[in-house]
Amino acid sequence: MRPSEIEVCKARLIHARQPLADIAGATRAALAPLAGMIRPGARIALAVGSRGVANIDVIARAAVLAIRNAGGEPFIVPAMGSHGGATAEGQARVLRDYG
């Protein structure tokens, strides 16, 4: 894929008013409408932060699986600002520690 062919999808965070019993299921349901936009073999960046996000490991894992199930090839991009000393290695360590 050439840089001029890159597509960006806008996402919106909606805070649940009640705790979710099935976080992974809710993540899959939220991403389901995007599945038809993923072309087989498309590389999909998944920006993963950590600050204030409970169960980030469950959410990220479910998102990765949803992208794979839609035929995409996900890769995680750390979106954590100064976490881990603001270095790629430090951020990767923080993400690894989250699971």
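For the pocket linings on this tour, Ala, Val, Leu, Ile, Met, Phe, Trp, Tyr, Cys and Pro count as nonpolar, Asp, Glu, Lys and Arg as charged, and the others, Gly among them, as polar. One thing before you start clicking: this is a predicted model.

**Stop 1: the smaller pocket**

Select Val-48, Ile-56, Asp-57, Ala-60, Arg-61, Val-64, Ile-76, Leu-95, Tyr-98 and Gly-99, and you have the lining of the second largest pocket. Its volume is about 180 Å³. Colour that lining by type and you get seven nonpolar residues, one polar and two charged. Now turn on the cartoon: H2 and helix H3 (88–98) are the elements that each put two or more residues into this lining. H2 is the top contributor, with five.

**Stop 2: the core**

Keep H2 on screen and select Leu-46, Val-48, Ile-56, Ala-60, Ala-63, Val-64 and Leu-95. These seven residues make up the largest nonpolar core. Strand E1 (43–48) and helix H2 (56–69) each supply at least two of them, and H2 gives the most, with four.

Zoom in on Ala-60. Which residues does Ala-60 touch, leaving aside its neighbours within four places in sequence? Leu-46 and Val-48 are the ones in contact with it.

**Stop 3: helix H1**

Next, select residues 23–31, which form helix H1. Show Ala-24, Gly-25 and Thr-27 as sticks, as these are the buried residues of H1. Why do they sit on the same side of the helix? They cover an arc of only 160° around the axis, so they share one side of H1. Spin the view to the face turned away from that buried side, and you'll find the exposed residues Ala-29 and Ala-30. Then spin back and look at what covers the buried residues of H1: H2 is part of that cover.

**Stop 4: the big pocket**

Finish with the largest pocket, which holds about 1900 Å³ of space. Of the 50 residues that line it, pick out Ala-11, Thr-27, Leu-31, Leu-46 and Ala-63, the closest to the pocket's centre. You've met some of these already: Thr-27 is one of the buried residues of H1, while Leu-46 and Ala-63 belong to the largest nonpolar core.

H1, E1 and H2 are the elements that give two or more residues to the lining of this largest pocket. H2 again gives the most, here with seven residues. Colour the lining by type once more, and the split is 36 nonpolar, eight polar and six charged.

Definitions and conventions:
Residues are numbered from 1 along each chain as its sequence is written. This is a predicted model: local features need pLDDT of at least 70, side-chain atom pairs count only at pLDDT 80 or more; totals for chains, interfaces and linings use all residues. Side-chain values use heavy atoms; hydrogens and water are left out. A nonpolar core is a set of buried Ala, Val, Leu, Ile, Met, Phe, Trp, Tyr and Cys residues joined through side-chain atoms within 4.5 Å. Buried means under 20% relative accessible area, exposed over 50%, partly exposed in between (1.4 Å probe, protein chains only). Contact means heavy atoms within 4.5 Å. The arc is that of the directions from the helix axis to the C-beta atoms. On a 1 Å grid over the protein atoms alone, a cavity is a set of points where a 1.4 Å probe fits but cannot get out, and a pocket is an open set with protein on both sides within 12 Å along at least five of seven lines; lining residues have an atom within 4 Å of a point. Grid points are joined across faces, edges and corners, and a volume is the space filled by probe spheres set on the points.
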